[in-house]
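Here's a quick briefing to read alongside the coordinates. Have the viewer open and follow along topic by topic.

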Amino acid sequence: MTLTHASGTSRSASTTATSTSTASEDGDDGEALLGGPRAEPAALPRALLARADVHRRRGDWRDVDADLTAAERYASRLPPIQQTNPYLYQARSQARARLGRWGDAAEDALQAEGEFEEIGDRIRKTLSAGDAALYLYGSGDTKAALLKMVQVFKEKGKPTTNNPDDIPLLQELSRKDAELHLAYAADLRARGEGARARTQWESGCIRLEAYRRDGVERLQQEAALRAKESALGPGAVLKA
């Protein structure tokens, strides 16, 4: 997942972002990012989103959190239609989970779930709900985690699409489903319910193996298509 498709920033914006330091808590560095308060109002949050994506690719999770928090603060500068940005909360929840801030991560994942629902993105809504369940487990709120997990199990079959570009998202949803079964198994075992824990563990392992096989098959199909494209010559584009 990247933030650039949500913010519309280009590679040049990403390059600009990497050449400056992470936004400070008071936002002064954010203003400096684009040459001060005279810059185009919408340019600052877009550049912060782009820079956060660069930090994400580098694994600099504290910097991701800082830039996305600054981008959230400046969101009012964006056109109204762009002020709802579930990708920001999805990315920040993942960064905060990497930092062990499970409660904050769960809060962002729930915010992302709600905003994805508002824009009609069922696949990402369910993915964010799955993230929220895992992060709630991490925060120690087992009851809320179980409720959210049950919700995901009910909704996971609803997202359907005919768009081949959505296949990676559906694969990710399959992996998330497996992870939730494994987390549930760990919770059941901790509560002394060994038999139910084994059932959930086996279910999670089966799902992970199906996810792995599907991924391998997709890679093989893509490799075969690339070989065909090369044989057909320049300009040939095939899809799986």
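Let's start with Phe116, which sits in helix H7 (residues 102-118). This is a predicted model, and in it Phe116 has a relative accessible area of 0%, so it is buried, the cut-off being under 20%. Its ring has a partner elsewhere in the chain, and that pairing is a handy way into the fold.

**Aromatic pairs**

- How many aromatic pairs does the count come to? It comes to two.
- One of them joins Tyr87 and Phe116: the ring centres are 5.3 Å apart and the planes meet at 85 degrees, so this pair is edge-to-face, as planes over 60 degrees apart are.
- Tyr87 belongs to helix H6 and Phe116 to helix H7, so to speak a link between distant parts of the chain, with their positions 29 residues apart.
- Tyr87 is at 13% relative accessibility, under the 20% cut-off, and therefore counts as buried.
- The Trp102 and Tyr135 pair is tilted, with 6.1 Å from centre to centre and 40 degrees between the planes.
- This pair also links distant parts of the chain: Trp102 is in helix H7 and Tyr135 in helix H8 (residues 122-139), 33 residues apart.
- Buried or partly exposed: which is Trp102? At 32% relative accessibility, Trp102 counts as partly exposed, whereas Tyr135, at 8%, counts as buried.

**Helix H6**

- The helix that carries Tyr87 runs over residues 86-98 and has 13 residues.
- From first C-alpha to last, H6 reaches 19 Å, close to the 18 Å you'd expect at 1.5 Å a residue.
- H6 is mostly covered, with 11 of its 13 residues buried.
- Among those buried residues are Tyr87, Leu88 and Tyr89, along with the polar or charged names Gln90, Arg92, Ser93 and Arg96.
- After H6 comes Gly100, which has a positive phi, near 80 degrees.

**Gln171 and its surroundings**

- Gln171 is found in helix H10 (residues 167-190).
- With a relative accessible area of 15%, Gln171 falls under the 20% cut-off and so is buried.
- What does the side chain of Gln171 meet in a polar contact of 2.8 Å? The partner is the side chain of Asp214.
- Setting aside neighbours within four places in sequence, Gln171 is in contact with Tyr211, Asp214, Gly215 and Arg218.

**The whole chain**

- The protein has 11 helices and zero strands, so to the eye it's α from end to end in the sequence pattern.
- Of its 240 residues, 41% count as buried.
- Take the contacts between residues at least 6 apart in sequence: 60% of them join residues at least 24 apart.
- The accessible surface comes to about 13,000 Å², and carbon and sulfur atoms account for 51% of it.

**Where to trust the model**

- Mean pLDDT for the protein is 81, and 78% of the residues reach 70 or more.
- Which elements have the lowest and the highest mean pLDDT? Helix H2 (residues 11-18) has the lowest, at 39, and H7 has the highest, at 96.
- Over residues 4-28 pLDDT stays under 50, and for that stretch the model has 44 contacts beyond four places in sequence.

Methods:
Residues are numbered from 1 along each chain as its sequence is written. Side-chain values use heavy atoms; hydrogens and water are left out. Helices (H or I, at least four residues) and strands (E, at least two) are DSSP runs, numbered from the N terminus. Buried means under 20% relative accessible area, exposed over 50%, partly exposed in between (1.4 Å probe, protein chains only). A polar contact is a pair of N or O atoms within 3.5 Å; within protein, one must be able to donate a hydrogen and the other to accept it, and residues adjacent in sequence count only if both atoms are side-chain atoms. Contact means heavy atoms within 4.5 Å. The expected span of a helix is 1.5 Å times one less than its number of residues. Rings of Phe, Tyr and Trp (its six-membered ring) pair if their centres lie within 6.5 Å; planes under 30 degrees apart count as stacked, over 60 as edge-to-face and the rest as tilted. Accessible areas come from the Shrake-Rupley method with a 1.4 Å probe; for residues, only the protein chains shown count as cover. pLDDT is the predictor's confidence in each residue, from 0 to 100.
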